[in-house]
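Here is a short briefing to read with the structure open beside you. We will go from the sheet to the helices and then to the side-chain pairs.

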Amino acid sequence: MNIFLWALGFISVMAVSACTENSKQESQTLKTNESMEFLELVKTRRSIRNYLPQEVEQEKLDYIMESVRLAPSAANIQPWYFYIIKSEEAKKAVTDSYPAKWMATAPMYIVACGNSEVSWKRNSYDGKDYVDVDVAIAFEHLCLAAAEQGLGTCWIGHFDPEKITTLLNIPSHLTPIAITPLGYPHPEQGRRTPRKKIEEIMEVR
């Protein structure tokens, strides 16, 4: 009987050990798969300059903006504010400040603003204002979340900030930093722009 109990205990210990090892392997596999999925998402995202007239579903917009809300920022200040542009009047304000013909194909736009009055500054050294960095992080969350939802974006910085501030009545404590159209990509797109080789952008020291 004692031998039987010992054998039963040994088998139980081995089974638990095997389950633990399998769990570790599954966890490692899951992490690898998640990494691959993210890389594929990054490869999928591109600047879209031609859109279908189809409206963006509210649940997709909610998903995108929740991804924006969760973005990190210096000292967690979150010095950003976003204007969701849907009305014809507001859309005209955007296209007047950036009058590219292709912009008119998008069903909506998002304007990202930063608040330098509250943003973190590197005051102990050079005083660098991190508002652009923080808004850029949140804006890239937006672009990647949109791509995951099958939507297109195009990061625009070449617009008239004074004009869009006036036309959208943006308060003085906010500075418009970036604009993107948001919508379903038209099948006809230009060629994908190339990226530098890895050895051109990094070095190990």
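A salt bridge here is a side-chain nitrogen of Lys or Arg within 4 Å of a carboxyl oxygen of Asp or Glu. By that rule, Arg-69 and Glu-66 form a salt bridge, with their closest N and O atoms 2.7 Å apart. Please keep in mind that this is a predicted model. The bullets below start with the charged pairs and then move on to the sheet, the helices that lie across it, and the aromatic rings.

**Salt bridges**

- Side chains of opposite charge can pair when their charged atoms come close.
- The count of salt bridges comes to five, and three of them are described here, including the one between Arg-69 and Glu-66.
- Arg-69 and Glu-66 are three residues apart in helix α2 (residues 58-69), a separation of about one helical turn.
- Both partners are open to solvent to some degree: Arg-69 is partly exposed at 48% relative accessible area, and Glu-66 is partly exposed at 34%.
- Helix α3 has a salt bridge between Lys-91 and Glu-88, where the closest N and O atoms are 3.5 Å apart.
- Lys-91 and Glu-88 are also three residues apart, about one turn of helix α3.
- Is Lys-91 buried or exposed? Lys-91 counts as buried, because its relative accessibility is 14% and the cut-off for buried is under 20%.
- Its partner Glu-88 is exposed, with a relative accessible area of 60%.
- Glu-203 and Arg-205 meet through their side chains in a salt bridge of 2.6 Å, N to O, and both residues are exposed.

**The sheet**

- Three strands make an open sheet in the order β1-β2-β5, with antiparallel pairing.
- Strands β1 (80-85) and β5 (175-182) are at the edges with a single partner strand each, so one side of each has no neighbour in the sheet.
- On average, neighbouring strands of this sheet are turned by 20° against each other, direction ignored.
- How many bridges join β1 to β2? Six bridges link β1 to β2 (residues 108-114), and the two strands run antiparallel.
- Within this pairing, Ile-84 stands opposite Ile-110 of β2.
- Thr-175 has its place in strand β5 and is partly exposed, with a relative accessible area of 41%.
- Leaving out residues up to four places away in sequence, Thr-175 touches Ala-112, Cys-113 and Gly-114.
- Thr-175 and Asp-132 are 43 residues apart along the chain, and their C-alpha atoms are separated by 9.7 Å.

**Helices across the sheet**

- Helix α3 (residues 88-97) lies across β1, β2 and β5, and runs at about 70° to β2.
- Helix α4 (residues 131-148) also lies across β1, β2 and β5, and runs at about 10° to β5.
- Which residues of α3 are buried? They are Ala-90, Lys-91, Ala-93, Val-94, Thr-95 and Ser-97.
- The cover over the buried residues of α3 includes β1, β2, α5 and β5.

**Aromatic rings**

- The structure holds four aromatic pairs, and two of them follow, beginning with Tyr-81 and Tyr-83.
- Tyr-81 and Tyr-83 pair edge-to-face, at 5.3 Å centre to centre and with 70° between the planes.
- Tyr-81 counts as partly exposed at 46% relative accessibility, whereas Tyr-83 is buried at 18%.
- The rings of Phe-139 and Trp-155 are edge-to-face because their planes stand at 75°, where over 60 degrees is the cut-off; their centres are 4.6 Å apart.
- Phe-139 lies in helix α4 and Trp-155 in the loop between α4 and α5 (161-167), so this pair ties together parts that are 16 residues apart in sequence.
- Phe-139 is buried, with a relative accessible area of 0%, while Trp-155 counts as partly exposed at 39%.
- A charge meets a ring as well: the charged end of Lys-128 sits over the ring of Tyr-130, 5.6 Å from its centre.

Definitions and conventions. Residues numbered from 1 in each chain as written. Predicted model: local features only at pLDDT ≥ 70, side-chain atom pairs only at ≥ 80, totals over all residues. Heavy atoms only, no water. Pairing = 2+ DSSP bridges. Helix = DSSP H or I, 4+ residues; strand = E, 2+ residues; numbered from the N terminus. Axes fitted to C-alpha atoms, helices over the stretch in contact; angles between N-to-C directions. Contact = heavy atoms within 4.5 Å. Phe/Tyr/Trp six-rings, centres within 6.5 Å; stacked < 30°, edge-to-face > 60°. Buried < 20%, exposed > 50% of the residue type's maximum accessible area, 1.4 Å probe, protein only. Lys NZ or Arg CZ within 6 Å of the ring centre and 35° of its normal.
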